[in-house]
Amino acid sequence: MTVGKKYTGKIDYDSDQDHFFSKVDLNNPYVIVTNKRLVAFEKSEDLENPTNWVSGRGIRQYDERNGRFYATWETSNPSNKTLTYLYYCMRWGKGDTYELELVPYKKTAPIVKEKEVKIKVGESYQIEAQATSGLPEEYRLKKEVFYEKRNDRIAFGKNNLDETNRTKEIIGVEPGTSSVTVIDEISYERTEINVTVVS
């Protein structure tokens, strides 16, 4: 498989399987975009030994509402530091066709408006974040980022109404320090926002 090239195929008979392999470059990542969900998505350090193929942490596959399916690996995950190959498989009903493309992206963290926030107990604040992975517009996810909080000194409120997740409300719950991590849905790169809650 070659990055930037689109592949098409057809399932010729029941139980037919098409298998694909691609080499990993941690500094030049790509996302596998298909019109059908992969029935297998695994990783290995050894292309010659199929017993070493594993799913495990650091590789993900998920659905998207535009009719595409996305699969990628976390370049920053410690378990992937020696990752060499990806393996994936198509297997559907007889006569089904599929499309598969390796789309490159930039290994960059989300941009946020502020990295230090101070709020009072009961007060709310709108985080503003934007993905910077550089995917072509036709491959951009509707929900580009998601959020994790460090502790319960803050609570999450509502997302923005258009469901892009580019804004996220946080609410002060009790005095102290906390943080929110904004995570890119594709690259899994992270940006941390420090939050101080005062009475």
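Buried means under 20% relative accessible area, exposed means over 50%, and partly exposed covers what lies in between. With that in hand, here are some exercises on the structure above, which is a predicted model.

**Exercise 1. Sort Phe-21 and Tyr-87 into buried, partly exposed or exposed, then describe how their rings pair.**

Solution.
- Step 1: Start with Tyr-87, whose relative accessible area is 11%. Because buried means under 20%, Tyr-87 is buried.
- Step 2: Phe-21 has a relative accessible area of 37%, so this residue is partly exposed.
- Step 3: Turn to the rings. The structure has 6 aromatic pairs. Phe-21 and Tyr-87 form one that is tilted, with 5.3 Å from centre to centre and 35 degrees between the planes.
- Step 4: Now place the partners in the chain. Phe-21 belongs to strand 2 (residues 18-23) and Tyr-87 to strand 7 (residues 85-90), so the pair ties together parts that are 66 residues apart in sequence.

**Exercise 2. Decide whether the rings of Phe-146 and Tyr-188 are stacked, tilted or edge-to-face, and say where each residue lies.**

Solution.
- Step 1: Planes under 30 degrees apart count as stacked, over 60 as edge-to-face, and the rest as tilted.
- Step 2: For Phe-146 and Tyr-188 the planes stand at 50 degrees and the ring centres are 5.7 Å apart, so this pair is tilted.
- Step 3: Phe-146 sits in strand 12, while Tyr-188 is in the loop between strand 15 and strand 16; the pair links distant parts of the chain, 42 residues apart.
- Step 4: Both Phe-146 and Tyr-188 are buried.

**Exercise 3. Find what the salt bridge between Lys-113 and Glu-128 ties together, and how accessible its partners are.**

Solution.
- Step 1: The structure holds 8 salt bridges. In one of them, the side chains of Lys-113 and Glu-128 meet at 3.5 Å, N to O.
- Step 2: Lys-113 is in the loop between strand 9 (111-112) and strand 10 (116-120), and Glu-128 is in strand 11 (residues 124-130), so the contact ties together parts 15 residues apart in sequence.
- Step 3: Lys-113 has 47% relative accessibility and counts as partly exposed. Glu-128, at 38%, also counts as partly exposed.

**Exercise 4. Do the same for Glu-148 with Arg-190, and for Glu-174 with Arg-153.**

Solution.
- Step 1: Glu-148 and Arg-190 meet through their side chains in a salt bridge of 3.6 Å, N to O.
- Step 2: Glu-148 lies in strand 12 (residues 145-149) and Arg-190 in strand 16 (residues 190-198), so this bridge ties together parts that are 42 residues apart in sequence.
- Step 3: Glu-148 is partly exposed at 36% relative accessibility, and Arg-190 is partly exposed with a relative accessible area of 43%.
- Step 4: Glu-174 bridges to Arg-153, with the closest N and O atoms 3.9 Å apart.
- Step 5: Glu-174 is in the loop between strand 14 (167-172) and strand 15 (176-184), and Arg-153 in the loop between strand 12 and strand 13 (154-159), so the pair ties together parts 21 residues apart in sequence.
- Step 6: Glu-174 counts as partly exposed at 39%, and Arg-153 is partly exposed at 28%.

**Exercise 5. Look past single pairs: name a salt-bridge network, an aromatic cluster and a charge over a ring.**

Solution.
- Step 1: Arg-140, Glu-144 and Arg-166 are linked in a network of salt bridges.
- Step 2: One aromatic cluster is formed by Phe-20, Phe-41, Tyr-88 and Tyr-98.
- Step 3: Lys-168 lies over the face of Phe-156, 4.9 Å from the ring centre.

Conventions:
Residues are numbered from 1 along each chain as its sequence is written. This is a predicted model: local features need pLDDT of at least 70, side-chain atom pairs count only at pLDDT 80 or more; totals for chains, interfaces and linings use all residues. Side-chain values use heavy atoms; hydrogens and water are left out. A salt bridge is a side-chain nitrogen of Lys or Arg within 4 Å of a carboxyl oxygen of Asp or Glu. Helices (H or I, at least four residues) and strands (E, at least two) are DSSP runs, numbered from the N terminus. Buried means under 20% relative accessible area, exposed over 50%, partly exposed in between (1.4 Å probe, protein chains only). Rings of Phe, Tyr and Trp (its six-membered ring) pair if their centres lie within 6.5 Å; planes under 30 degrees apart count as stacked, over 60 as edge-to-face and the rest as tilted. A charge sits over a ring if NZ of Lys or CZ of Arg is within 6 Å of the ring centre and within 35 degrees of the ring normal.
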